[in-house]
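This report introduces one protein model to a reader who has not met it before. The sequence and the three-dimensional structure are shown first, and the description follows.

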Amino acid sequence: MPDKFITLTPELYDYVVEHGARQDDVLRRLAAETEELGDIAIMQIAPEQGAFMTLLVRAMGARRALELGTFTGYSAICIARALGDGGTLVTCDISGEWTEIARRYFDEAGVGGGIDLRLGPALETLRDLPDDEPFDFAFIDADKKEYPDYYEECLRLLRPGGVMMLDNVLRGGQVLEAHDDDPRTVATREVNDRAIADDRVDVAMLGVADGITLALKR
Ligand code: DHB
Ligand code: MG
């Protein structure tokens, strides 16, 4: 089989971002402020990923969404905008410092009213959420060691037909490095192996950004 992928050069990647994501002033300023935090800014989602999330969530007609790992709020804004007026995004993070930035930009983006920000470990927040208020969409992007548990909890909380998106499923290629026994890499391999074999979901892994998996609850 011929290679069905291309390796992006930085120039080609810029082309993708320029033609694949309409970042408005709020998202641009948020990205710039996040850059000032230093190396940690790598945790922010890629612009073309954000555009994809907005489009997907809007196409689904989603009203209730869940996010694990708010960071400084870029992905939350991309989700919340797609939910529209009256929609709800529950987003959680352990950092008061990062989410203080997020809160400011939620208000600037005009989505603050629809975002329920919970400070604390994502698993605790998830386990407190009831089964009888299901979610249409869930974005998993918090502590990589907990991905298998996040996956199970999100599957419980999604409606049938609901979709979860997992970020960083390739971990910069580390999933293939057999000697890498970092618990975050081990957990990522575990959730990847589980999802593809799981007949409770339809699954699609995409080589976008650091790898994203979509899993639709049957
Ligand atoms: C890291 C976490 C992320 O969610 C991400 O998208 C990139 C990097 C990290 O912990 O290094
Ligand atoms: Mg991520």
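Gly120 is placed in the loop between β3 (115-119) and α6 (122-128). The model described here is a predicted one. Gly120 has a relative accessible area of 16%; because buried means under 20%, Gly120 counts as buried. Not counting residues up to four places away in sequence, Gly120 touches Asp93, Ile94 and Thr125. Gly120 also stands 6.8 Å from Cys92, C-alpha to C-alpha, although 28 residues separate the two in sequence.

**The magnesium site**

The magnesium ion (ligand 2) is coordinated by Asp141 (OD), Asp167 (OD) and Asn168 (OD1), at 2.0 to 2.1 Å. Along the chain, the donors follow the spacing D-x25-D-N. Distant parts of the chain are linked in this way: Asp141 belongs to the loop between β4 (135-140) and α7, while Asn168 belongs to the loop between β5 and α8, 27 residues apart. Both Asp141 and Asn168 are buried.

Asn168 has a relative accessible area of 16%. Its contacts, leaving aside neighbours within four places in sequence, are Asp141, Lys144, Tyr147, Thr188, Asp210 and Gly211. Asp141 is thus both a contact of Asn168 and a fellow donor to the magnesium ion.

**Helix α8**

One of the contacts of Asn168, Thr188, is also among the buried residues of α8. Helix α8 covers residues 183-196, 14 residues in total, and reaches 20 Å from its first C-alpha to its last, close to the 20 Å expected at 1.5 Å a residue. Its buried residues are Thr185, Ala187, Thr188, Val191, Asn192 and Ala195. Seen down the axis of α8, these residues fall within an arc of 165 degrees, so they line one face of the helix. In an α-helix there are 3.6 residues a turn, so residues three or four places apart point the same way. The buried residues of α8 pack against α7 (147-157), β5 (158-167), β6 (201-206) and β7 (212-217).

Strand β6, one of these packing partners, contains Asp202. Asp202 is partly exposed, at 37% relative accessibility. Leaving aside neighbours within four places in sequence, Asp202 is in contact with Leu214, Ala215, Leu216 and Arg218. Asp202 and Leu157 are 45 residues apart in sequence and 16 Å apart in space, C-alpha to C-alpha.

**Nonpolar cores and helix α4**

The largest nonpolar core has 32 residues, and those touching the most other members are Ile77, Ile79, Leu89, Phe137 and Met165. Two or more residues of this core come from each of α2 (25-35), α3 (47-59), α4 (74-83), α5 (96-108), β4, β5 and β7. The greatest contribution is that of α4, with eight residues. Ile79 is in contact with Met53, Val57, Ala65, Glu67, Leu89, Phe137 and Phe139, leaving aside its neighbours within four places in sequence. A second, separate core holds 26 residues, including Phe135, Ala138, Cys154 and Val169.

Helix α4 is itself mostly covered, with nine of its ten residues buried. These are Tyr74, Ser75, Ala76, Ile77, Cys78, Ile79, Ala80, Ala82 and Leu83. After α4 comes Gly84, whose phi is positive, near 75 degrees.

**Cysteines**

How many disulfides does the structure hold? The count is zero. A disulfide is a covalent bond between the sulfur atoms of two cysteines. The table gives two cysteines that are in no disulfide, each with the distance to the nearest cysteine sulfur.

| Cysteine | Nearest cysteine sulfur | Distance |
|---|---|---|
| Cys78 | Cys92 | 17 Å |
| Cys154 | Cys92 | 8.7 Å |

A disulfide requires sulfur atoms within 2.5 Å. Cys78 is buried, with a relative accessible area of 3%, and belongs to the buried residues of α4. Cys154 is buried as well, at 1% relative accessibility, and is one of the residues in the second core.

How values were computed:
Residues are numbered from 1 along each chain as its sequence is written. Chains are lettered from A and ligands numbered from 1 in the order in which they are written. This is a predicted model: local features need pLDDT of at least 70, side-chain atom pairs count only at pLDDT 80 or more; totals for chains, interfaces and linings use all residues. Side-chain values use heavy atoms; hydrogens and water are left out. Helices (H or I, at least four residues) and strands (E, at least two) are DSSP runs, numbered from the N terminus. The expected span of a helix is 1.5 Å times one less than its number of residues. Buried means under 20% relative accessible area, exposed over 50%, partly exposed in between (1.4 Å probe, protein chains only). The arc is that of the directions from the helix axis to the C-beta atoms. Contact means heavy atoms within 4.5 Å. Donors are N, O and S atoms within 2.8 Å of the metal (3.2 Å for Na, K and Ca); water is not among the atoms, so sites may look incomplete. A nonpolar core is a set of buried Ala, Val, Leu, Ile, Met, Phe, Trp, Tyr and Cys residues joined through side-chain atoms within 4.5 Å.
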